[in-house]
Amino acid sequence: MSLAGRTAVVTGSTSGIGLAVAEALAAEGARLVLNSFTDSAADHALAAALAARIGTSAAYVGADMADPAACERLIAEAAARFGSVDILVNNAGIQHVAPIEDFPPDKWNAILAINLSSAFHTIRAAVPAMKAKGWGRIVNIASAHGLIASPYKSAYVAAKHGLVGLTKTVALELAEAGATCNAICPGYVMTPLVEAQIPDQMEAHQMDRDTVIREVMLARQPTRQFVAATEIGATALFLCSDAARQITGTTISVDGGWTAM
Ligand code: NAD
């Protein structure tokens, strides 16, 4: 499979799953637009290093996915830079863990904005060009928490369930346009996002670090292993292939069997 000539935008792609997805798409020849909310020399250097390492074109566009105007600007700048946005991966996400009665409303608003509404704004901006071209791939990085719930993650679970619903609706609207929209639902992947929630989980569950990893995180995954970020990259790459052109409006779980239980 080759994605040569295709341009991919991956939101929140300076670390973790987003970076792994970007690397997987670039390895097949896609031009890459990396993104996060910062705009530092290190961000631009990351894109330059990816381009040099893989031998494709890559750019970094700083845009805060909490800001609807910035979401639209990300798509416009990517199209201006590389001519079109053919592949859109909505990956940016944050987490906060707290009981519902203590859940800070500003955290709720931020999680809904970054994990759900940003996908609405980027998809809205990208779809006209995909329709005009008759080809497009939208991959939303949801979560096992887009299908089932866990305690203390009210905003995250609500946002990810919403993202799965958005995925289905967009797929139906694009069904005759040669463009697909799907969601990947990872289980626990050891990334900075997961590392950062361990202290909160320790407090919420009154457990030590090893017990949280064993009893809260990996207890949910029958394989008892973290998913590798590269495995999410490989799944996104498959969804962007021609072999996946009839796969649309669905979720693909990459969760070590979590949602089979
Ligand atoms: P991560 O913290 O390593 O990466 C998140 C990325 O999003 C970073 O590049 C960060 O800079 C960026 N980001 C954060 N806020 C942003 C904003 N306002 N605007 C633009 N970019 C922003 O996390 P990750 O684990 O790689 O998570 C990536 C996605 O995968 C998230 O949507 C997350 O919910 C989802 N996910 C992760 C896991 C897991 O176990 N790690 C499991 C299921 C789903």
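So, let's start with which helices and strands surround the ligand in this predicted model. Four elements each give at least two residues to the shell: helix H1, residues 16-27; strand E2, 31-36; helix H5, 154-174; and helix H6, 192-205. If you want to pick one to look at, go for H6, because that's just where I'd point the cursor: with three residues, H6 supplies the largest share.

Okay, zoom out a bit. The shell isn't built from one domain. Domain 1, which covers 7-188 plus 227-254, and domain 2, covering 189-225, each put in at least three residues.

Now, who comes nearest? There are 31 residues around the ligand, and the nearest ones are Ser36, Asn91, Tyr156, Val189 and Thr191. And what kinds of residues make up that shell? By class, you get 17 nonpolar, 12 polar and two charged ones.

Let's go through some polar contacts. Val189, one of those nearest residues, has a backbone N or O atom 2.6 Å from an oxygen atom of the ligand. Gly12 also uses its backbone: a polar atom there sits 3.2 Å from a ligand oxygen. With Asp64 it's the side chain, where a polar atom is 2.8 Å from a nitrogen atom of the ligand.

How much of the ligand does the protein cover? On its own, the ligand has 820 Å² of accessible area, and the protein covers 93% of that. And if you're wondering where the ligand sits among the pockets, the space it takes is the largest pocket.

Definitions and conventions
Residues are numbered from 1 along each chain as its sequence is written. This is a predicted model: local features need pLDDT of at least 70, side-chain atom pairs count only at pLDDT 80 or more; totals for chains, interfaces and linings use all residues. Side-chain values use heavy atoms; hydrogens and water are left out. A residue is near a molecule or strand if one of its heavy atoms lies within 4 Å of it. A polar contact is a pair of N or O atoms within 3.5 Å; within protein, one must be able to donate a hydrogen and the other to accept it, and residues adjacent in sequence count only if both atoms are side-chain atoms. Accessible areas come from the Shrake-Rupley method with a 1.4 Å probe; for residues, only the protein chains shown count as cover. On a 1 Å grid over the protein atoms alone, a cavity is a set of points where a 1.4 Å probe fits but cannot get out, and a pocket is an open set with protein on both sides within 12 Å along at least five of seven lines; lining residues have an atom within 4 Å of a point. A molecule sits in a cavity or pocket if more than half of its atoms lie within 2 Å of its grid points. Ala, Val, Leu, Ile, Met, Phe, Trp, Tyr, Cys and Pro count as nonpolar, Asp, Glu, Lys and Arg as charged, and the others, Gly among them, as polar. Domain bounds come from an automatic or database domain assignment.
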